[in-house]
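Biologist: I would be grateful for a close look at a single helix of this chain, set in the context of its surroundings. Please take it residue by residue before turning to the rest of the fold.

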Amino acid sequence: MRQTAESNLRIGGLTPLTTIDYPGQLAAVLFCQGCSWRCHYCHNAHLQPMTSENIMQWDQVRAFLDRRRGLLDAVVFSGGEPTLQAGLADAMAQVRAMGFKVGLHTAGAYPKRLGRVLHVTDWVGLDIKGLPSDYPRITGVPGSGEAAWESLDRILAANVALEVRTTMVPELEASLPSLKTRLERVGVRHHRLQTVRA
Ligand code: SF4
């Protein structure tokens, strides 16, 4: 039997109702498995490997959302890094076709893949962890900052609603003013500082 791309979406968790993950919307959050970065403050480290149990098949997600029509405004794809998964665009398109808005939480690790899902995305919460030079000591990955800032450029160019989030860590204090200036200069209107979650 042929497996569809969306049936391969590996899901590590589901929050059935939240008011804080998509501004102004009642949303469910689907946590996608897999992330190639290793941020020392990651609060979803169990989702970094794409090997944990797939807690829901896609059909079960659809059945859950069917029962939530009229009760939920939106579905947020979070992670992990959702853009790592090839089935993301199809899954997002299906969710949108069911009448829900589609939100995306991403760290922008894969700018090209991100670019391929923006046409089915209504809102993005993008982690910008610092200036590009700050990234390797936060994510452990050389070049990660350039990828994240390229993702920011793509979202702004696509004119998708955007909130940029920055997690405050001690190594960011010195560069924070420069970071804010640069974000304003490229056209970011909504920038939120957040504390590390225990
Ligand atoms: S990018 Fe996000 S999911 Fe990946 S390690 Fe960093 S905080 Fe965790």
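**Helix 2 and its setting**

Modeller: In this predicted model, helix 2 covers residues 88-97, and its buried residues are Leu-88, Ala-91, Met-92 and Val-95. Viewed down the helix axis, these buried residues fall within an arc of 100°, so they line one face of helix 2. The spacing is as one would expect, because an α-helix has 3.6 residues a turn and residues three or four places apart point the same way.

The cover over the buried residues of helix 2 includes helix 1 (58-67), strand 3 (74-78) and strand 4 (101-106). Ala-91, which is located in helix 2, illustrates the point. Ala-91 counts as buried because 28 other C-beta atoms lie within 10 Å, the cut-off for burial being 20 or more. Its C-alpha atom is separated by 8.3 Å from that of Trp-58, although the two are 33 residues apart along the chain. Just after helix 2 comes Gly-99, which takes a positive phi of about 105°.

Helix 5 may be examined in a similar manner. Helix 5 (residues 144-158) has 15 residues and reaches 21 Å from its first C-alpha to its last, close to the 21 Å expected at 1.5 Å a residue. Its buried residues are Ser-144, Gly-145, Ala-147, Ala-148, Ser-151, Leu-152 and Ile-155. Seen down the axis of helix 5, they fall within an arc of 165°, so these residues too line one face of their helix. They pack against strand 4, helix 3 (111-115), strand 5 (123-127), helix 4 (135-139), strand 6 (161-167) and helix 6 (176-186). Strand 4 is also among the elements that cover the buried residues of helix 2. Helix 5 is followed by Asn-159, whose phi is positive, near 60°.

One of the residues of helix 5, Ala-148, is in contact with Lys-129. Lys-129 is placed in the loop between strand 5 and helix 4. Despite its loop position, Lys-129 counts as buried, because it has 23 C-beta neighbours inside 10 Å. Beyond its neighbours within four places in sequence, the other contacts of Lys-129 are with Asp-134, Tyr-135, Ile-138, Thr-139, Thr-166 and Thr-167. With respect to helix 2, the C-alpha atoms of Lys-129 and Ala-89 are 25 Å apart in space, with their positions 40 residues apart in sequence.

The ligand has its own surroundings. Around the ligand are Cys-35, Trp-37, Arg-38, Cys-39, Cys-42, Asn-44, Gln-48, Gly-79, Gly-80, Glu-81 and Ala-107. By class, the shell around the ligand consists of five nonpolar, four polar and two charged residues.

As to the fold in which these parts are set, the chain has six helices and seven strands. Along the sequence they follow the pattern β-β-α-β-α-β-α-β-α-α-β-α-β. Of the contacts in the chain with a separation of 6 or more, 71% are between residues 24 or more positions apart. Of the 198 residues, 35% count as buried. The C-alpha trace spans about 50 × 30 × 30 Å along its principal axes. The radius of gyration is 16 Å, which agrees with the value near 16 Å for a compact globule of 198 residues.

Definitions and conventions:
Residues numbered from 1 in each chain as written. Predicted model: local features only at pLDDT ≥ 70, side-chain atom pairs only at ≥ 80, totals over all residues. Near = placed C-beta within 6 Å. Nonpolar A, V, L, I, M, F, W, Y, C, P; charged D, E, K, R; others polar. Buried ≥ 20, exposed ≤ 12 C-beta atoms within 10 Å, placed from the backbone. Helix = DSSP H or I, 4+ residues; strand = E, 2+ residues; numbered from the N terminus. Arc of directions from axis to C-beta. Contact = placed C-beta atoms within 7 Å. Rg over C-alpha atoms; globule rule 2.2 N^0.38 Å. Expected span 1.5 Å × (residues − 1).
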